[in-house]
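This report walks through the fold, the core and the cysteines of one protein chain. Please keep the sequence and the structure at hand while reading.

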Amino acid sequence: FTHIPLMEPQFMSFYGASINANGKVFWLGEEKTDVCITRASLQGADKAKQNQRICLWAAPPGTQDWSMLTSFRVGGSETMGLRLCIPNQGQIQLKVTPAQSCGVDLVGYQSLPESFGVEGGDEHGHVHSEHCGH
C-alpha cells in the first residue's frame, strides 16, 4: 500500500464501521469522502476462544493480494491504533479471519465536502453548519 496524502478538510465527522467475521468482504471507501481509520477493536470477544488470534486483512479492489493490517489476541490486546486513510473515490477490501470468530469495529473520521451543511456566514465571516449544530 502506498501513502496518499489527503487534502485539508474543511469539516470532519466521526466514522465508524463494523466488519463481521462471516467470510464476506467489507468495502471501505464507498462514502465519497476521505476516510481515516484510527482504531480497530474486537467486537464480541467474550464469545471467542481465549487466546484465539483474530486478523484484519486488506486488499486493493479487484485483487486477492491480502495484507494483514493488524492481529488481536482474545484476552490480550483487543484494541489497536491504526492509521488507514482512503482518499475520496478510493476503495479497499477488508476482511476478518478466521471466519465465524468475533468481528472488528473500526473508528476514525471522515472529511466532509466544504459545502456540507453550510448555511452561509455572518458579517464576521463565521460559517454556520447544520451538521455541527450551530
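Which residues does Leu28 touch, not counting residues up to four places away in sequence? In this predicted model, Leu28 touches Tyr15, Val35, Ile37, Leu84, Ile86, Gly90, Gln91, Ile92 and Leu94, with residues up to four places away in sequence left out of the list.

**Overall fold**

The protein has 10 strands and 0 helices, and its pattern, read along the sequence, is β-β-β-β-β-β-β-β-β-β. Of its 134 residues, 34% count as buried, and the protein exposes about 8,000 Å², of which carbon and sulfur atoms supply 50%. When contacts between residues at least 6 apart in sequence are considered, 74% of them join residues at least 24 apart.

**The nonpolar core**

The largest nonpolar core holds 25 residues, and those that touch the most other members are Leu28, Ile37, Leu42, Leu56, Leu94, Val104 and Leu106. At least two residues of this core are supplied by each of β1 (11–19), β3 (35–43), β4 (53–59), β6 (79–86), β7 and β8, and the largest share, 4 residues, comes from β3. Two of the residues named above also meet Leu28 directly, since the contacts of Leu28 include Ile37 and Leu94.

**The four-stranded sheet**

An open sheet is formed by 4 strands in the order β2-β7-β4-β5, with antiparallel pairing. Because β2 (26–28) and β5 stand at the edges, each with a single partner strand, one side of each is left without a neighbour in the sheet. From one strand to the next, the twist averages 25°. In general, the strands of a sheet pair through backbone hydrogen bonds, in either a parallel or an antiparallel manner.

Within this sheet, β4 pairs in the antiparallel sense with β5 (residues 67–73) over 6 bridges, and in the antiparallel sense with β7 over 5 bridges. β4 is also mostly covered, with 5 of its 7 residues buried. The table below gives residues of β4 and the residues that stand opposite them.

| Residue in β4 | Opposite residue | Strand of the opposite residue |
|---|---|---|
| Ile54 | Phe72 | β5 |
| Trp57 | Lys95 | β7 |
| Ala59 | Gln93 | β7 |

**The cysteines**

Cys102 lies in the loop between β7 (92–97) and β8 (103–112). Is this loop residue buried or exposed, given its relative accessibility of 5%? Cys102 counts as buried, because its relative accessibility of 5% falls under the 20% cut-off. Leaving aside neighbours within four places in sequence, Cys102 is in contact with Ala21, Leu42, Gln43, Gly44, Ala45, Ala48, Ile54, Val74 and Val96. One of these residues, Gln43, is 59 residues away from Cys102 in sequence, yet the two are 5.9 Å apart in space, C-alpha to C-alpha. Another contact of Cys102 is Ile54, whose bridge partner in β5 is Phe72.

Cys36 likewise counts as buried, because its relative accessibility is 1%. How many disulfides does a search of the whole structure find? The search finds 0 disulfides, a disulfide being, in general, a covalent bond between the sulfur atoms of two cysteines.

Terms used: Residues are numbered from 1 along each chain as its sequence is written. This is a predicted model: local features need pLDDT of at least 70, side-chain atom pairs count only at pLDDT 80 or more; totals for chains, interfaces and linings use all residues. Side-chain values use heavy atoms; hydrogens and water are left out. Buried means under 20% relative accessible area, exposed over 50%, partly exposed in between (1.4 Å probe, protein chains only). Contact means heavy atoms within 4.5 Å. A nonpolar core is a set of buried Ala, Val, Leu, Ile, Met, Phe, Trp, Tyr and Cys residues joined through side-chain atoms within 4.5 Å. Two strands pair if DSSP finds at least two bridges between them. Accessible areas come from the Shrake-Rupley method with a 1.4 Å probe; for residues, only the protein chains shown count as cover. Axes are lines fitted to C-alpha atoms, for helices over the stretch in contact, and angles run from 0 to 180 degrees between N-to-C directions. A disulfide is a pair of cysteine sulfur atoms within 2.5 Å.
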